[in-house]
Amino acid sequence: MKSGPQAGRRIAVVLFNLGGPDGQAAVRPFLFNLFRDPAIIQAPFFVRYPVAALISTTRAKSARANYALMGGGSPLLPETEKQARALEAVLAQRLPGDTVKAFVAMRYWDPLTGETAKAVKAWKPDEVVLLPLYPQYSTTTTASSLKAWNKAYRKGPGRTTTLCCYPTADGFVQAHADLIRAEYVKAGSPKPARILFSAHGLPEKVIAAGDPYQRQVEATAAAVVEKLGDILGEGVDWKICYQSRVGPLKWIGPSTDDEVKAAADAGLALVVTPIAFVSEHIETLVELDVEYRELAYEHGGSIYARVPALGVSPAFIDCLGTLVTEAVSSEASQVCGSDRPCPQTRPGARA
Ligand SMILES: C=CC1=C(C)c2cc3[nH]c(cc4nc(cc5[nH]c(cc1n2)c(C)c5CCC(=O)O)C(CCC(=O)O)=C4C)c(C)c3C=C
Ligand SMILES: [Fe+2]
Ligand SMILES: [Fe+2]
C-alpha cells in the first residue's frame, strides 16, 4: 500500500478502446489507421503503408455497407462514453475526497490517443490510471494502445498506473455469467443447447510469438463456466470460438461460423456470447446478430439467442471501479488482474 496523503487527488482514468468510424466518410481513413499500425501488420514502414492504403481502399466498400446497418457509423464511442460516466459515478462513491474524471482514448478514430493525452495533460492529474477496455491482453490491442499513449503522454503530469488485463476478475466474470443465464432463460431454457463464447480472432503467428490473448480468453470462459453450474450439464454444453478473421493468414480457431453451422446442423439451440468485447459494435451488432444468425437459420437452427455485451452492467462497472481503486493504492506501476501475469507486468516497476 502507498504511504502519504490519500485524499484530495485528481485522478484521471483513461479508457482505451479501438475506436470506430463515426460516419460513412470515416470508414476508409479509419481502416487505413488500423492497418498501418505495426501491431496489426508486422512489416517495415515502407511495406506497411502501401499495404494499408490498398487494404483500406479495397475493404472500404463492404465495411461501409456493414456500418450502414448500424446507422452509418460505429456506436463504440457513445457506448464507451456511457461506461466512462458510469465508472465516474462508481468511483465518486469509492474514492470520496478525490476528484475522478474518466477520459476515452481511441486507437484508430476520434478521440484519438494524442488528442486525449493533451486533454489529460491540461487537466493536470496527480494520478493517471490506464484502463484498457480489453479484458484479455493482446499485443494487437492493449500493447498498441499503451505504446501510442506512452508516446503521446511523455512528460505528462501525475503518477501512472497501468491495469494491463483482468481476464478472470470477479465482477467481470459474474456479469458475463448473469447475462448468459438471463438470455438462456429468456430463450425458454432450451435443450439441447450450446453456449458459444465468441472472441475476436488473431493470426496464429501472433499467438506463436507469445501473445497471451488466447490463453486469457480461455481463462475467462473457464471462470464463467464455473459460475454456470445451474444451467450447464446434461443437454447444455459450451465451446470457445473466434470470429472476425481478416486477410490471408491462418487465424486461431475454431471459427465462430464453423461452430454456428456445426451446432445448427446438430439441432442444438445456440446461445452466443461475446467474451472479449465489452461493448456493442460492428462485430456484435452485424457479425453476431445478422451474419451468424442467418447462418444458423440456413443450417436448420431454430433458436439463436445472443447475449448482450457487458456495456454498463453494474457488476462489470463495479469491477472496473475495484480495479481502479486497487491501482491508485498500489506501489506498482502495473497491476495485472490475471492469475498468470501477462508479459506487460514487470512487478514493482514504475514508469
Ligand atoms: C479483442 C478485441 C480485438 C482484437 C484482438 C482485434 C484484433 C484485430 N482486428 C483486426 C481488424 C479489424 N478490426 C476491426 C474493428 C474492430 N476490432 C475490434 C476489437 C479487436 N480487434 C473492435 C472493438 C473494432 C471496432 C468495431 C467498430 O464498431 O467500429 C475492423 C473494422 C471493421 C471491419 O472492417 O471488419 C478491422 C478491419 C485485425 C487485423 C486484428 C488482429 C491482427
Ligand atoms: Fe478488430
Ligand atoms: Fe496483465
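**Figure 1. Four strands build an open sheet in this predicted model.** The strand order is β6-β5-β7-β8, and the pairing is parallel. β6 (236-243) and β8 (304-306) form the edges. Each of these edge strands pairs on one side only. From one strand to the next, the twist averages 25 degrees.

**Figure 2. Strands β5 and β7 run parallel.** β5 covers residues 193-200, and β7 covers residues 269-274. Six bridges join the two strands. Ala 193 stands opposite Ala 269 of β7.

**Figure 3. Helices α8 and α9 lie across strands of the sheet.** Helix α8 spans residues 213-226 and lies across β5 and β6. Its direction makes an angle of about 160 degrees with β6. Helix α9 spans residues 256-265 and lies across β5, β6 and β7. Helix α9 runs at about 150 degrees to β6.

**Figure 4. A shell of 22 residues surrounds ligand 1.** The closest are Gly 20, Ser 74, His 200, His 281 and Ile 282. Three elements give two or more residues to this shell: α1 (27-35), α2 (45-68) and α10 (282-298).

**Figure 5. The shell around ligand 1 is shown by residue class and by domain.** Its members comprise 13 nonpolar, seven polar and two charged residues. Domain 1 (24-68) supplies at least three residues to the shell. Domain 2 (171-306) likewise supplies at least three.

Methods: Residues numbered from 1 in each chain as written. Chains lettered and ligands numbered in written order. Predicted model: local features only at pLDDT ≥ 70, side-chain atom pairs only at ≥ 80, totals over all residues. Near = placed C-beta within 6 Å. Nonpolar A, V, L, I, M, F, W, Y, C, P; charged D, E, K, R; others polar. Domains from an automatic or database assignment. Pairing = 2+ DSSP bridges. Axes fitted to C-alpha atoms, helices over the stretch in contact; angles between N-to-C directions. Contact = placed C-beta atoms within 7 Å.
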